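Colleague: I am new to reading protein models, and I would love some help. Could you walk me through one, feature by feature?

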Amino acid sequence: MNYQRFFEEAIDQIHGERRYRVFADLERIAGQFPKAIWRSGSDTKEITVWCSNDYLGMGQHADVIAAMQQAAGKMGSGSGGTRNISGTNHPLVELEMELADLHGKESALVFTSGFVSNEASISTIAKLLPNCLLLSDELNHASMIEGVRRSGCEKKVFRHNDVAHLESLLQAAGRDRAKLIVFESVYSMDGDIAPIAEIADLAEKYNAMTYIDEVHAVGMYGARGGGITEREGLADRIDIIEGTLAKAFGTLGGYITGTRSVVDAVRSYAPGFIFTTALPPAIAAAATTSIRHLKNSGAERERQQLQAARTKKILSEAGLPVFASETHIVPVLVGDPELCKLATDRLLGLHGIYIQPINYPTVPRGTERLRITPTPFHSDALIETLRDALVETWNTLGIPYGTSGQPEVAKSDRIIPLLVPKSGG
């Protein structure tokens with residue numbers, strides 16, 4: 001049997017569907033975010049990154065870098081084991097206390113990534129509940145879907161942000177059955193926000209637990225960066241708040257927060273936590289420094305919101321098909337996988353602008369897009385350069401400016417009010 005043939009055919013299928021992914025070889029330049037060096041073979045070129053999840057540039061904050069360097073110099077580069085076997089380093093303990101405080105919860109647990117925190121926590125919590133029914137938003141992240149799948153429990157998928165559909169499923173299940181509603185606060189491909197208060201109301205009405213993924217909101221919303229749940233004063237109404245350290249906090253790892261009993265149960269039963277090497281002390285120390293800074297500083301959040309609003313306004317006024325978005329995420333519709341790849345190749349090679357194409361299965365076919373993420377460090381001049389490059393690319397490749405039959409496109413007169421920070425958030 002020719003085993004390699006099966007793998008080659010699998011890759012050929014992706015090529016045939018025009019969704020093969022090519023990774024850009026980037027070297028970020030400390031102190032010059034969002035600039036980076038792009039390496040292509042033996043060639044190098046300085047470019048501007050417009051799609052980073054380091055949303056606030058905290059990965060290059062001087063204090064965060066110093067904390068990482070100091071911890072590594074004092075305690076070494078690795079953690080030395082799983083949490084149970086010598087890996088529970090003191091900076092990691094401090095980090096979990098900081099995260100619990102951030103969300104106003106009794107306890108927190110840190111994982112090696114946001115994917116692992118969702119997969120391990122959702123599956124474990126559902127398994128521990130008798131005859132649990134999982135109710136999952138249809139646009140939940142792959143890590144949440146995998147957690148639902150691995151639980152082995154019955155699941156029902158409700159239409160995206162559709163509280164009426166969710167209520168019908170809850171009503172059919174009845175109050176007495178164990179139920180866990182899993183959803184996100186900010187959905188990263190469209191930039192929309194869940195109706196959190198309404199979902200919390202339904203959870204209370206039908207006696208269900210709630211699990212929210214705040215990975216695209218922590219650090220950026222709320223007076224202290226606790227996410228949309230903090231901004232809306234809803235954190236106490238959500239049972240488990242999950243987040244990441246790898247986006248706005250600029251480091252690495254995922255976490256959950258909740259009551260001591262829930263967190264301790266996940267700590268004690270989740271294979272994805274028990275059998276994984278702990279985060280190194282240097283990363284934990286850097287993450288704690290970043291969280292503490294953003295708890296006390298709203299400047300980064302305010303600047304990010306202003307630049308996101310300006311980016312939407314400038315691109316929309318140029319006629320580019322910008323999706324309506326309530327958040328810092330700026331999706332621009334292309335609608336074809338091949339054109340999407342050609343556009344990003346042209347932006348990078350000709351204009352020195354890096355935006356990764358977003359194709360199926362990350363988004364539905366026909367909604368292929370550029371996902372732009374302005375940060376506090378994308379200046380007005382960089383935004384105007386981006387606009388000019390996109391217009392040139394759209395015109396050269398013949399990408400449609402219209403959006404007939406596609407998701408609603410943002411209008412410049414409705415962008416800024418949606419992005420005004422609330423209480424410094």
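Modeller: Happily; we will go through sheets, helix packing and a few single residues in turn. This is a predicted model, so local features need pLDDT of at least 70 and side-chain atom pairs count only at pLDDT 80 or more, while totals for chains, interfaces and linings use all residues. Residues are numbered from 1 along each chain as its sequence is written, and side-chain values use heavy atoms, with hydrogens and water left out.

Colleague: Let's begin with sheets. What is the strand order in the open sheet of 7 strands?

Modeller: First, the general idea: strands (E, at least two residues) and helices (H or I, at least four) are DSSP runs numbered from the N terminus, and two strands pair if DSSP finds at least two bridges between them. Here the order is S4-S10-S9-S8-S7-S5-S6, with mixed pairing. Strand S4 (107–111) and strand S6 (154–158) are the edge strands, each pairing on one side only. From one strand to the next, the twist averages 20 degrees.

Colleague: How many bridges join S5 to S6?

Modeller: Strand S5 (residues 133–137) runs parallel to S6, and 5 bridges join them. On that pairing, leucine 134 stands opposite lysine 155 in S6. Elsewhere in the sheet, S8 and S9 run parallel, joined by 3 bridges, with aspartate 213 opposite glutamate 242 in S9. S9 and S10, in contrast, pair in the antiparallel sense over 4 bridges; there, tyrosine 255 in S10 is the bridge partner of glycine 243.

Colleague: Why is S9 called largely enclosed?

Modeller: Buried means under 20% relative accessible area, exposed means over 50%, and partly exposed is in between (1.4 Å probe, protein chains only). S9 is largely enclosed by the rest of the structure because 5 of its 5 residues are buried. In a regular strand the side chains alternate between the two faces of the sheet. Here both faces are covered: Ile240, Glu242 and Thr244 are buried on one side, and Ile241 and Gly243 on the other.

Colleague: Now helices. Which strands does H5 touch?

Modeller: Two ideas help here. Contact means heavy atoms within 4.5 Å. Axes are lines fitted to C-alpha atoms, for helices over the stretch in contact, and angles run from 0 to 180 degrees between N-to-C directions. H5 packs on the sheet and touches S4, S5, strand S7 (179–184), strand S8 (209–213), strand S9 (240–244) and strand S10 (254–258), with its direction at about 170 degrees to that of S8. Helix H7 (residues 163–173) lies across S5, S6 and S7 and runs at about 155 degrees to S6.

Colleague: And at what angle do H5 and H10 pack?

Modeller: Helix H5 (residues 114–128) and helix H10 (residues 260–269) pack at about 105 degrees, with their axes 10 Å apart. That makes H5 roughly perpendicular to H10. For the wording, angles under 35 degrees count as roughly parallel, over 145 as roughly antiparallel, 65 to 115 as roughly perpendicular and the rest as oblique. H5 contributes Ser121, Thr124, Ile125 and Leu128 to the contact, and H10 contributes Val262, Ala265, Val266 and Tyr269.

Colleague: Is asparagine 118 buried or exposed?

Modeller: Asparagine 118, found in helix H5, is buried, with a relative accessible area of 1%. A polar contact is a pair of N or O atoms within 3.5 Å; within protein, one must be able to donate a hydrogen and the other to accept it, and residues adjacent in sequence count only if both atoms are side-chain atoms. In this case, a polar contact of 3.0 Å joins the side chains of asparagine 118 and serine 143.

Colleague: What is the order of the open sheet of 3 strands?

Modeller: That order is S11-S14-S13, with antiparallel pairing. Its edge strands are strand S11 (330–333) and strand S13 (357–358), each pairing on one side only. S13 and strand S14 (residues 369–372) pair over 2 bridges in the antiparallel sense, and proline 357 stands opposite leucine 370 in S14. Helix H15 (residues 380–397) packs on this sheet, touching S11 and S14.

Colleague: Where is glutamate 368 found?

Modeller: Glutamate 368 is in the loop between S13 and S14, and at 3% relative accessibility it counts as buried. A polar atom of its side chain lies 3.3 Å from the backbone nitrogen of aspartate 336.
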